[in-house]
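Here are a few exercises to work through with the model open in your viewer. Try each one yourself before you read the solution.

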Amino acid sequence: MPSGHDRLGNDEARTRRVTVAAARSEVAAQVPAAQVHSFQRPVLVLNPRSGSVQAVRDQLLETADRYGVQVHEAATPTELLAVARKAVADGADVLGVAGG
């Protein structure tokens, strides 16, 4: 069983990840819509196991939907590569990756 110090360290690390993810989300929300809408087929790939993605998942999905960004999930590097290659083959003109 982890000591109190280990749990505290994990809690602090989790808090830092959530804080960083929230800050990234806030910055992303300030990107002008015109800049995002200049892409015809934007794709975002999420790592569902990432703590930062889990912390802001709903915001990411809502923002992606608002801007017409297609979202896929890939939990491993192999899946990420396959999803990214398929997205490009299907015509993605910009590819973003979140988490991990």
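**Exercise 1.** How many salt bridges does a search of the whole structure find? Track them down and say where their partners sit.

*Solution.* Keep in mind that this is a predicted model. The search turns up three salt bridges. As background, side chains of opposite charge can pair when their charged atoms come close. The cut-off to apply is a Lys or Arg side-chain nitrogen within 4 Å of a carboxyl oxygen of Asp or Glu.

Step 1: go to Arg57, which forms a salt bridge with Glu73, with 2.4 Å between the closest N and O atoms. Arg57 belongs to helix H3 and Glu73 to strand S2, so this pair ties together parts that are 16 residues apart in sequence. Arg57 is partly exposed at 30% relative accessible area, and Glu73 is partly exposed too, at 37%.

Step 2: stay in helix H3 and look at Glu62 and Arg66, whose side chains meet in a salt bridge at 3.9 Å, N to O. That distance fits under the 4 Å cut-off. Glu62 and Arg66 are four residues apart in the helix, so about one helical turn separates them. Glu62 is exposed, with a relative accessible area of 53%, whereas Arg66 is partly exposed at 46%.

Step 3: finish with Lys86 and Asp90, whose side chains meet at 2.8 Å, N to O. Lys86 counts as exposed at 53% relative accessibility. Asp90, at 38%, counts as partly exposed, because exposed means over 50% and buried under 20%.

**Exercise 2.** In what order do the three strands form the sheet, and is the pairing parallel or antiparallel? Place the helix that packs on the sheet as well.

*Solution.* Step 1: get the inventory. The protein has four helices and three strands, and along the sequence they follow the pattern α-α-β-α-β-α-β.

Step 2: order the strands. The sheet is open, reads S2-S1-S3, and its pairing is parallel. The edges are strand S2 (70–73) and strand S3 (94–98), each of which pairs on one side only. From one strand to the next, the twist averages 25 degrees.

Step 3: zoom in on a pairing. Strand S1 (residues 42–46) runs parallel to S2 and is joined to S2 by four bridges. For a landmark, find Leu44, which stands opposite Val71 in S2.

Step 4: add the helix. Helix H3 (residues 51–67) packs on the sheet and touches S1, S2 and S3. The direction of H3 makes about 165 degrees with that of S1.

**Exercise 3.** Which residues make a nonpolar surface patch of about 250 Å²? Then put the patch in the context of the whole protein.

*Solution.* Step 1: pick out Val88, Leu95 and Val97, which make the patch. Val97 is found in strand S3, one of the edge strands from Exercise 2.

Step 2: turn to the whole surface. The accessible surface of the protein comes to about 6800 Å², and 56% of that belongs to carbon and sulfur atoms.

Step 3: check burial. Of the 100 residues, 23% count as buried.

Step 4: end with the contacts. Take those between residues at least 6 apart in sequence: 81% of them join residues at least 24 apart.

Key: Residues numbered from 1 in each chain as written. Predicted model: local features only at pLDDT ≥ 70, side-chain atom pairs only at ≥ 80, totals over all residues. Heavy atoms only, no water. Pairing = 2+ DSSP bridges. Helix = DSSP H or I, 4+ residues; strand = E, 2+ residues; numbered from the N terminus. Axes fitted to C-alpha atoms, helices over the stretch in contact; angles between N-to-C directions. Contact = heavy atoms within 4.5 Å. Patch = residues over 30% accessible without salt bridge, like charges linked within 9 Å, V, L, I, M, F, W, Y side chains within 5 Å. Areas by Shrake-Rupley, 256 points an atom, 1.4 Å probe, with all protein chains shown as cover. Buried < 20%, exposed > 50% of the residue type's maximum accessible area, 1.4 Å probe, protein only.
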